[in-house]
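Student: I have a chain open on the screen and would like to work through it by question and answer. Where should we begin?

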Amino acid sequence: MAAKIITDFSNFTEPDFYKASMRVYKTLKINAAFFTDLPVKMNILLPLIVKFDNARTNLVYHGKGADVKDARKKVEKILRKNGNWLNIFADGDETLLNKTGYPFQGGFKAQGQLEETVLEIRALKQKGRVSYSISKIQLQGIRYGIMYTLTTNEDNNPAHWNFHYCAGRKGIISELISKEKHKFVSFGMGSEGKLTYSNPIEMSPQ
């Protein structure tokens, strides 16, 4: 399949979306000579990114959520418009698409071993349940998983632990042993067989 960049950033968290949009801005700014007919120029995009960042990092106030949503929507609209144009213009040329700063769509080729994720685990009030949050790998189509076991397990190879498939980067693991300390690692699942596990997190569910 020909290489393509993503044009839908709706599943990015606010911090990840800010980082991704700034990367696009900086990269396209440097490589402007390759994309002279880009629909929306970078001098228009930058102030909108800054406005979004200011809105999301401001102290909480009435109407903040709506302001952040509106500011983000304007940036997403430009990224989508430019991204669609870039996919047509590049026509699958991976070298050219690398000059855009956009993340690639997953699956157009073997992705190689994926980068390490960052895992957060929190105990919930319900017995035997914890919530998790996994940092995003900047490729589309990546699935995530968590391996877990009791800390008393002397086998330190996560591949031998219990497996939890993550329907999303945030979720809940149930049916853990209450009051017993567990250890957890997360990982991204790509086309490369070798997995990169996060640093382990230890937590005792209620």
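Tutor: Begin with the surface of this predicted model. The protein chain exposes about 11700 Å². Carbon and sulfur atoms supply part of that area, and their share is 51%.

Student: What share of the residues of the protein chain counts as buried?

Tutor: Buried here means under 20% relative accessible area. The protein chain has 206 residues. The share of them that counts as buried is 40%.

Student: In what order do the elements of the protein chain run from the N terminus?

Tutor: The secondary structure comes to four helices and seven strands. Read from the N terminus on, the order is α-α-α-α-β-β-β-β-β-β-β.

Student: What does the C-alpha trace span along its principal axes?

Tutor: Take the contacts beforehand. Among those with a separation of 6 or more, residues 24 or more positions apart account for 67%. As for the C-alpha trace, its span along the principal axes is about 60 × 45 × 20 Å.

Student: Now charges. How far apart do the centres of the positive and negative sets lie?

Tutor: The protein chain has 30 positive side chains and 20 negative ones. Each set has its own centre, and the two centres lie apart by 7 Å.

Student: How many salt bridges does a search of the whole structure find?

Tutor: Side chains of opposite charge can pair when their charged atoms come close. The cut-off is a Lys or Arg side-chain nitrogen within 4 Å of an Asp or Glu carboxyl oxygen. Searched on the whole structure, the number of salt bridges is three.

Student: Which residue forms a salt bridge with Arg-56?

Tutor: Look in helix H2, residues 42-57. The two partners are three residues apart there, so about one helical turn separates them. Both are buried. The closest N and O atoms are 2.9 Å apart, and the partner is Asp-53.

Student: Is Asp-70 buried or partly exposed?

Tutor: Asp-70 forms a salt bridge with Lys-74, with 3.6 Å between the closest N and O atoms. They sit four residues apart in helix H3, so the separation is about one helical turn. Lys-74 has 39% relative accessibility and counts as partly exposed. Asp-70 has 38%, so it too is partly exposed.

Student: Is Arg-72 buried or exposed?

Tutor: Arg-72 meets Glu-76 in a salt bridge at 3.1 Å, N to O. Four residues apart in helix H3, the two are separated by about one helical turn. Glu-76 counts as buried at 17% relative accessibility. Arg-72 has a relative accessible area of 11%, so it is buried.

Student: Which residues form a positive surface patch?

Tutor: Check two candidates in helix H3, residues 64-90. Lys-77 lies in that helix, and so does Lys-69. Lys-77 is exposed at 57% relative accessibility, and Lys-69 is exposed at 65%. The patch is formed by Lys-69, Lys-73, Lys-77, Arg-80 and Lys-81.

Student: What distance separates the C-alpha atoms of Lys-69 and Phe-34?

Tutor: Along the chain, Lys-69 and Phe-34 are 35 residues apart. In space, their C-alpha atoms are separated by 32 Å.

Student: Next, the loop between S5 and S6. What is the phi of Glu-175?

Tutor: Glu-175 is found between strand S5 (170-173) and strand S6 (182-189). Its relative accessible area is 78%, so Glu-175 is exposed. It is not a glycine, yet its phi is positive, at about 60°.

Student: Is Lys-179 buried or exposed?

Tutor: Lys-179 is placed in the loop between S5 and S6. Lys-179 is not a glycine, but has a positive phi of about 70°. The relative accessibility of Lys-179 is 60%, so this residue counts as exposed.

Student: Which residues is Ser-204 in contact with, leaving aside its neighbours within four places in sequence?

Tutor: Ser-204 is in the segment after strand S7 (201-203). With a relative accessible area of 28%, Ser-204 is partly exposed. Beyond those neighbours, its contacts are Ala-123, Lys-179, Glu-180 and Lys-181.

Student: And what distance separates the C-alpha atoms of Ser-204 and Asp-93?

Tutor: Ser-204 and Asp-93 are 111 residues apart along the chain. The separation of their C-alpha atoms is 49 Å.

Methods
Residues numbered from 1 in each chain as written. Predicted model: local features only at pLDDT ≥ 70, side-chain atom pairs only at ≥ 80, totals over all residues. Heavy atoms only, no water. Patch = residues over 30% accessible without salt bridge, like charges linked within 9 Å, V, L, I, M, F, W, Y side chains within 5 Å. Areas by Shrake-Rupley, 256 points an atom, 1.4 Å probe, with all protein chains shown as cover. Lys, Arg positive; Asp, Glu negative; His and termini not counted. Charge placed at Lys NZ, Arg CZ, Asp CG, Glu CD. Buried < 20%, exposed > 50% of the residue type's maximum accessible area, 1.4 Å probe, protein only. Contact = heavy atoms within 4.5 Å.
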